[in-house]
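Student: Please take a close look at one buried-or-exposed question for me, starting from a single serine and working outwards. Keep it relaxed, but tell me what each term means as you go.

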Amino acid sequence: MFARGLKRKCADHEEDMGGALAGFKAVPSYSLQRQSLLDMSLVKLQLCHMLVEPNLCRSVLIANTVRQIQEEMTQDGTWRMAAPQSTGRAPLDRLVSTEILCRSTREQDGVCPASGMGDGLALGPVSEFSTVTSAQTPGNPQNSVWEMDSPRENRGSFQKSLDQIFETLETRNPGSTDELFSDMDSSYYDLDTVLTGVVSRAEPGPCDGLQGLAPAATPPPSSSCKSDLGELDHVVEILVET
Amino acid sequence: MNYPDESTYGNKADIISTVEFNHTGELLATGDKGGRVVIFQREQESKNQVHRRGEYNVYSTFQSHEPEFDYLKSLEIEEKINKIRWLPQQNAAYFLLSTNDKTVKLWKVSERDKRPEGYNLKDEEGRLRDPATITTLRVPVLRPMDLMVEATPRRVFANAHTYHINSISVNSDYETYMSADDLRINLWNFEITNQSFNIVDIKPANMEELTEVITAAEFHPHHCNTFVYSSSKGTIRLCDMRASALCDRHTKFFEEPEDPSNRSFFSEIISSISDVKFSHSGRYIMTRDYLTVKVWDLNMENRPIETYQVHDYLRSKLCSLYENDCIFDKFECVWNGSDSVIMTGSYNNFFRMFDRNTKRDVTLEASRENSKPRAILKPRKVCVGGKRRKDEISVDSLDFSKKILHTAWHPSENIIAVAATNNLYIFQDKVN
């Protein structure tokens, strides 16, 4: 049973404090707030790696927060709810997020070198870097994106999770800075791995539920990847939603 | 309490990252982000100036750590001094430990006010003399010279920490000390630099399962076998080294049950303990988390005996503070010499003191604009809602870039040192 006793953040609390507030503020819904917190957390995790070793305590705390949010979203079934709202979206938006997610694999396939994306990330709302990359995205390669994605890569990268964030502290391949960032991309830009890795990989729950959401236009390349791709797509929709 | 004597030693180019009085209070050491250590010494009170309390002047400055590059991981190792701890004085020289993220160093600080003159084989500049030109022998004599304070590194304890060192603590046996990083705690002997004993290891076999890190650690002030360490989940573990070589099983486990009415996505983050300090008596420990300071009795593990709200008005701002990363700021806390007052920092250059006996608390500000030297510090107040009074400051006007993370209290007198970014403030109690 989902406990609604969870305190809301920010604006809600200010309203509770009574008295004349500085005007009426439109309070975003709890799920929207939660979503934005999730996005913010994921961006923070991505930005952990600079030239100096990341602060492990901070990373662990953020990762635990992501875990909590994801658990709650799984419990109240919010994972399944994003699809209907996204029908009106321009395919380009969806595409943009996909580009971000699949950046590492596509780089390896030589499809779309997203130049300097890692460096260009700013600590802003998710929509900001969506806009930045939309200019780079070609016409309607959505289908081709999915086809281009190597199923092996996806499965392999799904195996990596937050583990990568911590493991990189120990076993890092020496190399150039470019190599450094590209190595990280597969963990940080693969939103899905971060989220699914948080929940034990053995759990079929969220994945199974999401299979039905795989867009009809993109038949997955192999059945073993079906749930993964469906999940990815769904996560994309969540990203785009905000 | 009145704190009228304000001396400021700014503007240092770098941000102060640690402050520590030595055991007598005669010396005050600061470490900064640039890897430098600056030591202040208290002036002897002179008979001429009875009313002028001993002020702190710069005694020695040296570069403790340099930036390094870890070639294996392609990462920089910051030279920032995370902690300084003094050893008790055993002879004329002073010894301190200073550490950055990876390496602990033992520094000897000594005075030289005499110099030998009249060597036979060397001339006054130190050049070797041709033995053939020496016709007489003389005995070198010591002649006074201008006081020189030298700092020399006596030991370097390196390569023992994979993760970032957050604490060092000198044992009461004065022969050993410990260094703690995010996942491990090592025990060192001062004489041995090429090996250390690992006494705590919380690294999971599978790093994916990592959910908790060590945030601070300290030895008991009197019992050399006992130490505590705090975690990012708001727990404190007390360990006895006599129980086993690897203290993975704690002797005592301190944790306060969560308040369900205050639960939010930020609950865990704000419960993460940023500092843990034994009282001078050794009977209590004090912990600092994001919003509170707690005092625990070593004999009671299930909850603290005292909880003090440092800046509870931030509770409704946690989302913004998470966004700008302030929620991860690590504030320290200190006891006064008699364990009756505790102090910790806050934002806007505010710092707070809590009197454990009278239960009174005060907010003070360390800032040049708001206090003239030798003026009495005026208590500050943050207005949390409704009408703001003339002298109050509203929560939204607080400057979150001005944070007081590091403070220190003289071991026996009412003298405090407060580090405000790159300025050091020293406040003394007014003499009546």
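**A serine and its surroundings**

Tutor: Ser60(B) has a relative accessibility of 5%, which makes this residue buried (buried is under 20% relative accessible area, exposed is over 50%, and partly exposed is in between, using a 1.4 Å probe and protein chains only). Before going on, keep in mind that this is a predicted model, where local features need pLDDT of at least 70 and side-chain atom pairs count only at pLDDT 80 or more, while totals for chains, interfaces and linings use all residues. Residues are numbered from 1 along each chain as its sequence is written, chains are lettered from A and ligands numbered from 1 in the order in which they are written, and side-chain values use heavy atoms, with hydrogens and water left out.

Back to the serine. Ser60(B) sits in strand β5 (residues 56-63) of chain B; helices (H or I, at least four residues) and strands (E, at least two) are DSSP runs, numbered from the N terminus. If you skip residues up to four places away in sequence, Ser60(B) touches Val37(B), Val38(B), Ile39(B), Val109(B), Val149(B) and Ala151(B), where a contact means heavy atoms within 4.5 Å.

Now for another serine. Ser272(B) is in the loop between α1 (267-271) and β20 (275-278) of chain B, and at 9% relative accessibility Ser272(B) is buried. Leaving out residues up to four places away in sequence, Ser272(B) has contacts that include Cys57(A) and Leu61(A) in chain A, and Thr215(B), Arg288(B) and Tyr290(B) in chain B.

For a loop residue with some exposure, try Lys402(B). You'll find Lys402(B) between β29 (393-394) and β30 (406-409) of chain B, and its 33% relative accessibility makes Lys402(B) partly exposed. Lys402(B) touches Ser346(B), Tyr347(B), Asn348(B) and Asn349(B), again not counting residues up to four places away in sequence. From C-alpha to C-alpha, Lys402(B) is 9.9 Å from Ala366(B), and their positions lie 36 residues apart in sequence numbering.

Charged pairs come next. A salt bridge here is a side-chain nitrogen of Lys or Arg within 4 Å of a carboxyl oxygen of Asp or Glu, and over all chains the count is 32. In one of them, Glu20(B) pairs with Arg85(B), with 3.1 Å between the closest N and O atoms. Glu20(B) belongs to strand β2 (residues 16-21) and Arg85(B) to strand β8 (residues 83-86), both of chain B, so this pair ties together parts that are 65 residues apart in sequence. Glu20(B) and Arg85(B) are both buried.

Other pairs have some exposure. Asp123(B) and Arg127(B) form a salt bridge at 3.4 Å, N to O; Asp123(B) is partly exposed at 24% relative accessibility, while Arg127(B) is exposed at 52%. Glu117(B) is bridged to Arg115(B), the closest N and O atoms being 3.6 Å apart, and Arg115(B) is partly exposed with a relative accessible area of 41%. Over in chain A, a salt-bridge network links Arg34(A), Glu72(A) and Asp76(A).

Next, a sheet in chain B. Strands β16-β17-β18-β19, in that order, make an open sheet of 4 strands with antiparallel pairing (two strands pair if DSSP finds at least two bridges between them). The edges are β16 (214-219) and β19 (252-254) of chain B, each with a single partner strand, so one side of each has no neighbour in the sheet. Inside this sheet, strand β17 (residues 226-231) and strand β18 (residues 236-240) of chain B run antiparallel and are joined by 5 bridges. Ser230(B) stands opposite Ile236(B) in β18(B).

Last, chain A for contrast. Chain A has 14 helices and 0 strands. Of its 242 residues, 52% count as buried. The exposed area of chain A is about 10,900 Å², with carbon and sulfur atoms supplying 55% of it; such areas come from the Shrake-Rupley method with a 1.4 Å probe, and for residues only the protein chains shown count as cover. Helix α2 (residues 30-46) of chain A has 17 residues and reaches 24 Å from its first C-alpha to its last, close to the 24 Å expected at 1.5 Å a residue (the expected span is 1.5 Å times one less than the number of residues). In α2(A), 14 of the 17 residues are buried, so this helix is largely enclosed by the rest of the structure.
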